[in-house]
Amino acid sequence: MVKFTEMDSKTLLKYREILLKRYEDFKSQNLKYDMSRGKPCKEQLDLSMGMMDIEDYKSSDGIDCRNYGGLDGITEAKQLFAKLLEANPDEVIIGGNSALNMIYDTIARAMAFGVLGSEIPWGKLPKVKFLCPSPGYDRHFAICELFGIEMIPVDMNSDGPDIETIENLAHSDETVKGIICVPKYSNPDGITYSDHIVDRLAQMKTKAKDFRIFWDNAYVIHNLFGKGDKLKNILRVCKEAGNEDRVFIYASTSKITFPGAGVSAMSASKANIGKIKEQLSVQMIGPDKMNQLRHASFLKDMENIEEHMKKHAEILEPKFLAVLGTLKSELDGKEIAWWNKPNGGYFISLNTLDGCAKEVIKMTAVAGVIMTSAGATFPYGKDPRDRNIRIAPSFPSVEELKKAMEIFCICIQIVSINKLLQQK
């Protein structure tokens, strides 16, 4: 295939006519495909229906899970998440159905009261800044924006965020209070932070004594294609570096069992956990222990979780392959789009030519394919190069994906040709 950048105007115009005909054909079908979020499909949700048959109400240590109490979680849930997060049970707090909610609460408490070691609550400071690896998770950015935290985008490299930039900013600016990120199969790039990046994040010198790493390990066990990346244990490295209070780690069963009825957890140093439990004792009496018990009884142990996740992978892999296959057949070699092939997680990240992403998303929507808004993967919804698009393959069927991605690729080509013609 000849690169679009090497085609003359006449050839580009002719090619655009063919593409526009295909686009109009799809528009006439009145399609409605939603690829805006990484929602598990029905077949994935069905994998956990056996959990609903569990009728136990007493935990392993005899606690009646129907009643009040159990502020930080029942024993078996803490033990299960401790193994998942490579921590000790006394370094774990079990929450409700959403890790994002736990992240929100942690930041809200930091703004109201500070964190362990803070001299003043963050919300009373003139300015609070977070480092935000970008492209990144839009809901992280929304939380920061809501609390008035200034977000500083940090470029992503193949092994994680630009660590030199992170170290320089954290070391020189006391208002830089944290970094918020998805370190394994990052949303949306699918990058897993290298050991080198993890080590330097844990060891770096920060001007703010109460600097925190918000480590959203959402895809801790969400592997694809029989591979699976290994993420170094940052809590252990922080301990070794004498910075054990630096990191808050989060995970949930949202994409293991039921997104709307899962269980979340956070892991941190014993000192951090103690401080948080003091504050939680005022906030609530206890989370849903019955749901914790159902999950612990159903998931049992790491071996069982891994087998369960293989079933998820069997459903997801054909969908990822459908997306990747269409991208390759439609766009490969044309030098107008570049994409990743992750070993896990829920997204495929694609970059268009600069200045094209918003128009591509607009065109796909008109043809009946709803995707994540262009710019959403950057702080304040502003992609400085207007090029990144997050693809979420999980919810539609394989056949729907093939059609949706064909539309998407047609739109990329049309928008790219228009841009190249303007330049000529």
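This briefing walks through how two domains meet and where some salt bridges sit. Keep in mind that the model is predicted. The domain assignment splits the protein into domain 1, made of 4-44 + 306-423, and domain 2, covering 56-300. Their C-alpha centres are 31 Å apart, and the two bury about 2,700 Å² between them.

**Where the domains touch**

- Domain 1 brings 29 residues to the contact, while domain 2 brings 34 residues.
- Of the area buried between domain 1 and domain 2, 63% is on carbon and sulfur atoms.
- On the domain 1 side, M309, N343 and Y380 give up the most area to domain 2, together making 24% of what that side buries.
- Polar links are there too: 14 residue pairs are in polar contact between the domains, with both residues at pLDDT 80 or more.
- Three elements, α11 (302-331), β11 (348-352) and β13 (388-391), each supply at least two residues to the side of domain 1 that touches domain 2.
- Helix α11 has the largest share of that side, with 9 residues.
- Sorted by class, the domain 1 side has 14 nonpolar, 10 polar and 5 charged residues.
- The count of salt bridges between domain 1 and domain 2 is 2.
- D138 and R390 pair up through their side chains in a salt bridge, at 3.7 Å from N to O.

**Salt bridges across the model**

- The count for the model comes to 25 salt bridges.
- K239 and E91 meet at 2.5 Å, N to O.
- That pair links distant parts of the chain, 148 residues apart: K239 is in helix α8 (residues 234-240), and E91 is in the loop between α3 (75-84) and β2 (92-94).
- Are the two partners buried or exposed? K239 is partly exposed at 34% relative accessible area, whereas E91 is buried at 3%.
- E150 and K127 form another salt bridge, at 3.4 Å from N to O.
- E150 is in strand β4 (residues 150-157) and K127 is in the loop between α4 (99-113) and β3 (129-134), so this pair ties together parts 23 residues apart in sequence.
- E150 counts as partly exposed at 28% relative accessibility, and K127 is partly exposed at 40%.

**Helix α13 and a small network**

- K402 and E399 form a salt bridge, their closest N and O atoms being 3.8 Å apart.
- Both K402 and E399 lie in helix α13 (residues 398-423), 3 residues apart, which is about one turn of the helix.
- K402 is partly exposed at 39% relative accessible area, while E399 is exposed at 56%.
- R22, E330 and E406 are joined into one network by salt bridges that share partners.

Conventions. Residues are numbered from 1 along each chain as its sequence is written. This is a predicted model: local features need pLDDT of at least 70, side-chain atom pairs count only at pLDDT 80 or more; totals for chains, interfaces and linings use all residues. Side-chain values use heavy atoms; hydrogens and water are left out. Domain bounds come from an automatic or database domain assignment. Contact means heavy atoms within 4.5 Å. Buried area is the accessible area (1.4 Å probe) that two parts lose on being put together, summed over both. A salt bridge is a side-chain nitrogen of Lys or Arg within 4 Å of a carboxyl oxygen of Asp or Glu. A polar contact is a pair of N or O atoms within 3.5 Å; within protein, one must be able to donate a hydrogen and the other to accept it, and residues adjacent in sequence count only if both atoms are side-chain atoms. Helices (H or I, at least four residues) and strands (E, at least two) are DSSP runs, numbered from the N terminus. Ala, Val, Leu, Ile, Met, Phe, Trp, Tyr, Cys and Pro count as nonpolar, Asp, Glu, Lys and Arg as charged, and the others, Gly among them, as polar. Buried means under 20% relative accessible area, exposed over 50%, partly exposed in between (1.4 Å probe, protein chains only).
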